[in-house]
Structures are given as structure tokens and as C-alpha cells.
Amino acid sequence: MSTLFVDTINEKTTNNGVYIPGHVLQAVTGTLSAGINTTSGTMAATGLKATITPSTTSSKIYVAASMTLQNGTANGGTNIELYRKIGSATAASIFKYGSVGLSQYAGSNNVSVGSLVYLDSPSTTSAIEYEIYYSRYSTGTAYLHSGPQIIAMEIGA
């Protein structure tokens, strides 16, 4: 049996990278510093987004987001969806989470933590923008509190 010891692995061609299938090749994050709210039932961009440019078309993109949501109205809640925009194309919904933080009782002020995880196979080396969209569910005002995070990681395939 042989053992290989190395201190450094360098890429042979500049900006070509060291590609290891099944491993994280890069990671990018995004945050939202101020809270937002809406009374609309139509999906709207939140500004919580991360942009990543895959190194190969076979790469997978793992997207995860965590946020604090609120709707203080009975039977109100917050819908969240993950949208993807490749290059200059129009953003499109790729994952519908549904209603989060559904308040069941009159006068309640339900605050909940919403998390979303999605593994994407975009088959591109163009820049990809992943963004959380939201709307109110049923009634009331949907709040997205400050400090949510989104991360996009390229996984070698």
C-alpha cells in the first residue's frame, strides 16, 4: 500500500481550479439587513439573494435559507418561494415552500423560523441568482424580519 503526503495542491492552468467531484467547490452567501413586510398575496422579491457562477455544467447547486417570519392576523401566514435567474433571463420559481407561520387564533402574533433547502441542477456556467420571494397567506401583513441568510454552494458532480 502507498501513502501520498502533500503540503499543497496547485492547479496546473491558471483559473482552472482543482475540481473534486462530490465536494463543495465554492460557496456564496447573502443577507438582508432590514426587515420587510407586505399585505399583498402576490409573490414579490425580498432582496435576500445569492449569486453563484458554476465552474462546470455538471455541477449541482445546494441552496439553503433561514429566516424569521411573522403574521399577527388569525389564519394569516407567509408564503415563501425560491426563484432562480440565469444570466439576463426572467426569474422563475423553482421551489414553492408554501405557508409558513400560519396563525391559528384571533389576536395571535405568530413568529416562526422558516428554512428552505433545495438541490438544483442548472446545467450552466452562467451566473445564477437565487432569491427568496414572499407574499402573505390568506390575510394580514407578512413580515420577514432582519437578519435572514441564504447560501448557495456549488457541488462537484
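A search of the whole structure, which is a predicted model, finds two aromatic pairs. In one of them, the ring centres of Tyr83 and Tyr133 lie 3.6 Å apart with their planes at 15°, so this pair is stacked, given that planes under 30 degrees apart count as such. The pair links distant parts of the chain, since Tyr83 belongs to strand β5 (residues 77–86) and Tyr133 to strand β8, with the two positions 50 residues apart in sequence. Both Tyr83 and Tyr133 are buried.

The other pair is formed by Phe95 and Tyr118, and it is tilted, with 5.5 Å from centre to centre and 40° between the planes. Here too distant parts of the chain are linked, with Phe95 in strand β6 (residues 92–100) and Tyr118 in strand β7, 23 residues apart. Phe95 has a relative accessibility of 25% and therefore counts as partly exposed, because the buried class ends at 20% and the exposed class begins over 50%.

These pairs sit within a protein that has ten strands and zero helices, so that, read from the N terminus, its elements run β-β-β-β-β-β-β-β-β-β. Among contacts in the protein with a separation of 6 or more, 80% are accounted for by residues 24 or more positions apart. Of the 157 residues, 34% count as buried, while the protein exposes about 8,700 Å², of which carbon and sulfur atoms supply 49%.

Strand β8, which holds Tyr133, spans residues 128–137 and also includes Ser135. With a relative accessibility of 1%, Ser135 counts as buried, because the cut-off for that class is under 20%. When its neighbours within four places in sequence are left aside, Ser135 is in contact with Thr38, Ser40, Gly41, Thr42 and Met43, with Gly77, Thr78 and Asn79, and with Ala142. Of these partners, Gly77, Thr78 and Asn79 fall within the residue range of strand β5, 77–86, the strand that also carries Tyr83.

The loops on either side of β8 each deserve a look at the backbone. Most residues other than glycine have a negative phi. Ser123, however, has a positive phi of about 50° although it is not a glycine, and it lies in the loop between β7 (110–120) and β8. At 53% relative accessibility, Ser123 counts as exposed, whereas Ser135 counts as buried. Ser138, in the loop between β8 and β9 (142–144), likewise has a positive phi, near 70°, in a residue other than glycine.

Definitions and conventions: Residues numbered from 1 in each chain as written. Predicted model: local features only at pLDDT ≥ 70, side-chain atom pairs only at ≥ 80, totals over all residues. Heavy atoms only, no water. Helix = DSSP H or I, 4+ residues; strand = E, 2+ residues; numbered from the N terminus. Buried < 20%, exposed > 50% of the residue type's maximum accessible area, 1.4 Å probe, protein only. Contact = heavy atoms within 4.5 Å. Areas by Shrake-Rupley, 256 points an atom, 1.4 Å probe, with all protein chains shown as cover. Phe/Tyr/Trp six-rings, centres within 6.5 Å; stacked < 30°, edge-to-face > 60°.
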